[in-house]
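Please open the structure in your viewer and keep the selection tool at hand, since this tour moves from one selection to the next.

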Amino acid sequence: MPTAILSALAEEQLGLIELLEQPRKVSHAGRDFWLGQLHGQSVVLALSRIGKVAAATTSTALIERFGVRQVVFTGVAGGLGAGVKVGDVVVATDFVQHDLDASPLFARYEVPLYGKSRFASDQVLSRLLFEAASSALASSNALELFPDARVHQGLIASGDRFVAGATESVALQQALLGAGHAALAVEMEGAAVAQVCHDYGVPFAAVRTISDRADDSAHIDFPSFVDQVASRYARLIVERLLGLL
Ligand code: ADE
């Protein structure tokens with residue numbers, strides 16, 4: 001059974017497709033899935049696409065159609081937590097949907113009928129991903145880009161919104177904190193993938209490189225980071241992870 005490597009954007013996936021041995025492309029559900037071998041491991045590469053619904057569809061297809069045994073997400077995110085800088089990496093411990101609000105029927109952020117707000121990453125896979133990210137950041141390739149980069153572990157908030165304003169970012173962070181959710185980063189897919197993987201009992205782990213601070217310059221920082229850095233980072237981390245599996 002293959003490991004799924006999910007990326008949000010084509011730029012993040014590019015370096016991985018180049019490395020794929022015996023590549024085979026399968027089109028399904030309006031998406032391209034790349035099957036092959038990477039570092040001796042059987043993998044399926046896929047784009048989650050952007051937003052929670054698209055990511056849920058891709059994850060479901062990976063599990064139902066391609067029978068993946070685990071799902072690893074590599075992507076970028078906006079930094080929310082203090083000290084989470086551009087170039088840092090966040091390995092998710094768990095996920096919350098920051099735009100989910102079925103109150104007063106359910107508590108703010110609670111996923112209806114699950115009795116909880118957060119879905120956890122798989123601990124074993126996340127520990128390996130943390131090791132892989134730490135070793136990738138220590139490599140000369142990454143150090144020359146961001147010499148002070150750190151790997152964090154913590155909560156990631158997902159929602160169908162690109163957060164691109166300091167006021168909005170602080171409000172989002174404070175609202176989450178008020179409900180006991182100290183999020184390190186914000187993105188648009190992770191919580192959806194985590195929920196699908198929870199439903200199917202498939203291990204899931206995610207790593208996000210910080211491309212912007214979800215502030216007033218996020219719309220400038222994000223595309224330039226995606227162009228110049230995201231693919232290199234994803235490749236470094238995934239190569240190391242596959243060596244540990
Ligand atoms: N992914 C990368 N940066 C982001 C941001 N600022 N908001 C949502 N998703 C992101």
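Two strands are said to pair if DSSP finds at least two bridges between them. With that in mind, and remembering that this is a predicted model, begin by selecting strand 8 (residues 151-158) together with strand 9, which pair in the parallel sense over four bridges. Within this pairing, look for Ile156, which stands opposite Ala185 in strand 9.

Next, keep strand 9 selected and add strand 5 (residues 70-79), which is joined to strand 9 by two bridges, the two strands running antiparallel. Here Gly79 is the residue that stands opposite Ala185 in strand 9.

Now select strand 9 (residues 183-187) by itself and ask how many of its five residues are buried. Five of the five are buried, so strand 9 is largely enclosed by the rest of the structure.

From the strands, turn to a pair of helices by selecting helix 3 (residues 123-137) and helix 7 (residues 218-244), whose axes come within 8 Å and cross at roughly 130°. That angle makes helix 3 oblique to helix 7, and helix 3 passes helix 7 in a right-handed crossing.

To see the contact itself, show the side chains of Leu128, Leu129, Glu131, Ala132, Ala133, Ser135, Ala136 and Leu137 on helix 3, and then those of Tyr233, Leu236, Ile237, Arg240, Leu241 and Leu244 on helix 7, for these residues make the contact. If you colour the residues of this contact between helix 3 and helix 7 by type, they divide into eleven nonpolar, one polar and two charged.

How values were computed:
Residues are numbered from 1 along each chain as its sequence is written. This is a predicted model: local features need pLDDT of at least 70, side-chain atom pairs count only at pLDDT 80 or more; totals for chains, interfaces and linings use all residues. Side-chain values use heavy atoms; hydrogens and water are left out. Axes are lines fitted to C-alpha atoms, for helices over the stretch in contact, and angles run from 0 to 180 degrees between N-to-C directions. Angles under 35 degrees count as roughly parallel, over 145 as roughly antiparallel, 65 to 115 as roughly perpendicular and the rest as oblique. A crossing is left-handed if the near helix is turned anticlockwise from the far one by less than a right angle, and right-handed if clockwise. Contact means heavy atoms within 4.5 Å. Ala, Val, Leu, Ile, Met, Phe, Trp, Tyr, Cys and Pro count as nonpolar, Asp, Glu, Lys and Arg as charged, and the others, Gly among them, as polar. Buried means under 20% relative accessible area, exposed over 50%, partly exposed in between (1.4 Å probe, protein chains only).
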